[in-house]
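User: I would like to go through the reasoning behind some labels used for this structure. Please set each value against its cut-off.

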Amino acid sequence: VKEARGVRQHLNQLLQGEIPETQEMTRKSVERMAQLHKVKQDLDRCQLTVGHAVSLAQAVRRMPAIFEEGNTSAIGAEIAKMQAALRPLEAYPPEHAKYSAAVSQFETRLVQLIEVDCLDALSKREVALAQRHLATLQAIG
């Protein structure tokens with residue numbers, strides 16, 4: 001009985017944080033939890049960034065087929081998506097540079113297509129069609 005009371009008293013002291021060792025262990029545990037939380041947040045950001053890079057790689061591979069279809073609106077929409085996925089990669093210069101160069105090439109190619117289509121539409125006095133082409137250019141900046 002005496003031993004049980006001693007154990008109970010010791011447990012109560014542990015639970016109430018009256019033992020300095022417990023307070024120190026609790027403080028260290030809280031610090032470790034904070035560190036683990038920060039690591040998890042960093043990993044989440046990395047996972048998101050990798051997702052953007054994968055998305056860009058897939059879009060770059062799809063672009064020849066999209067250009068082949070000749071739909072400048074669809075091409076413009078894909079380029080706009082790629083531009084949005086490119087922004088988070090600015091913190092990783094080699095990857096950003098690689099995909100930025102590819103997106104720039106697609107933009108240049110689209111501008112060339114739209115110039116021809118726009119001039120053709122204007123020569124036929126199809127102002128609405130020319131405006132749609134210009135809106136596609138505006139969408140990609």
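Analyst: This is a predicted model. A starting point is the network of salt bridges that links K38, D42 and R45.

User: What makes the contact between K38 and D42 a salt bridge?

Analyst: The closest N and O atoms of K38 and D42 are 3.2 Å apart. The cut-off is a Lys or Arg side-chain nitrogen within 4 Å of a carboxyl oxygen of Asp or Glu, so the pair qualifies as a salt bridge. Both residues lie in helix α2, 4 residues apart, which is about one turn of the helix.

User: How do you know that R45 and D42 also form a salt bridge?

Analyst: Their side chains meet at 2.2 Å, N to O. That value is within 4 Å, so the definition is met. R45 and D42 are 3 residues apart in helix α2, and therefore about one helical turn separates them.

User: Why are the residues of this network called partly exposed rather than buried or exposed?

Analyst: Buried requires under 20% relative accessible area and exposed requires over 50%, so values in between are partly exposed. K38 has 48%, D42 has 26% and R45 has 49%. Each of these is therefore labelled partly exposed.

User: How many salt bridges does the structure hold, and what makes K124 and D120 one of them?

Analyst: The structure holds 6 salt bridges. In the one between K124 and D120, the closest N and O atoms are 3.3 Å apart, so this pair too is within 4 Å. D120 is partly exposed, with a relative accessible area of 37%.

User: Why is the pair of F67 and F106 called tilted?

Analyst: The structure holds 1 aromatic pair. It is formed by F67 and F106, with 6.0 Å centre to centre and 35° between the planes. The centres lie within 6.5 Å, so the rings count as a pair; planes under 30 degrees apart would be stacked and over 60 edge-to-face, so 35° is tilted.

User: What does this pair tie together, and are its members buried or exposed?

Analyst: F67 lies in helix α2 (residues 20–69) and F106 in helix α4 (residues 93–123), so the pair ties together parts that are 39 residues apart in sequence. F67 has 5% relative accessibility and F106 has 11%, so both count as buried.

User: What is said to sit over the ring of F67?

Analyst: The charged end of R109 sits there, 4.0 Å from the ring centre. The distance limit for CZ of Arg is within 6 Å, so that part of the definition is met.

User: Why is G76 called buried, and which residues does G76 touch?

Analyst: G76, in helix α3, has a relative accessible area of 3%. The limit is under 20%, so G76 is buried. Not counting residues up to four places away in sequence, G76 touches L110, T136 and I140. The C-alpha atoms of G76 and T136 are 5.7 Å apart, although 60 residues separate them in sequence.

User: How do you know that T136 is buried?

Analyst: T136 has a relative accessible area of 7%, which is under 20%, so the label follows. T136 is in helix α5 and touches T72, S73, G76, L110 and I114, again leaving out residues up to four places away in sequence.

User: Why does Q83 count as buried?

Analyst: Its relative accessibility is 15%, under the limit of 20%, so Q83 is buried. Q83 is found in helix α3 (residues 72–86). Leaving aside neighbours within four places in sequence, Q83 is in contact with V103, E107, A139 and I140.

User: Which residues make the nonpolar surface patch, and why is L119 called exposed?

Analyst: L119, L122 and V127 make the patch, which is about 290 Å². L119 is in helix α4. Its relative accessible area is 60%, over the 50% limit, so L119 is exposed.

User: What makes the phi of R125 notable?

Analyst: Most residues other than glycine have a negative phi. R125 is not a glycine, yet its phi is positive, about 60°. R125 lies in the loop between α4 and α5 (127–139). With a relative accessible area of 73%, which is over 50%, R125 is therefore exposed.

Methods: Residues numbered from 1 in each chain as written. Predicted model: local features only at pLDDT ≥ 70, side-chain atom pairs only at ≥ 80, totals over all residues. Heavy atoms only, no water. Helix = DSSP H or I, 4+ residues; strand = E, 2+ residues; numbered from the N terminus. Buried < 20%, exposed > 50% of the residue type's maximum accessible area, 1.4 Å probe, protein only. Contact = heavy atoms within 4.5 Å. Lys NZ or Arg CZ within 6 Å of the ring centre and 35° of its normal. Patch = residues over 30% accessible without salt bridge, like charges linked within 9 Å, V, L, I, M, F, W, Y side chains within 5 Å. Areas by Shrake-Rupley, 256 points an atom, 1.4 Å probe, with all protein chains shown as cover.
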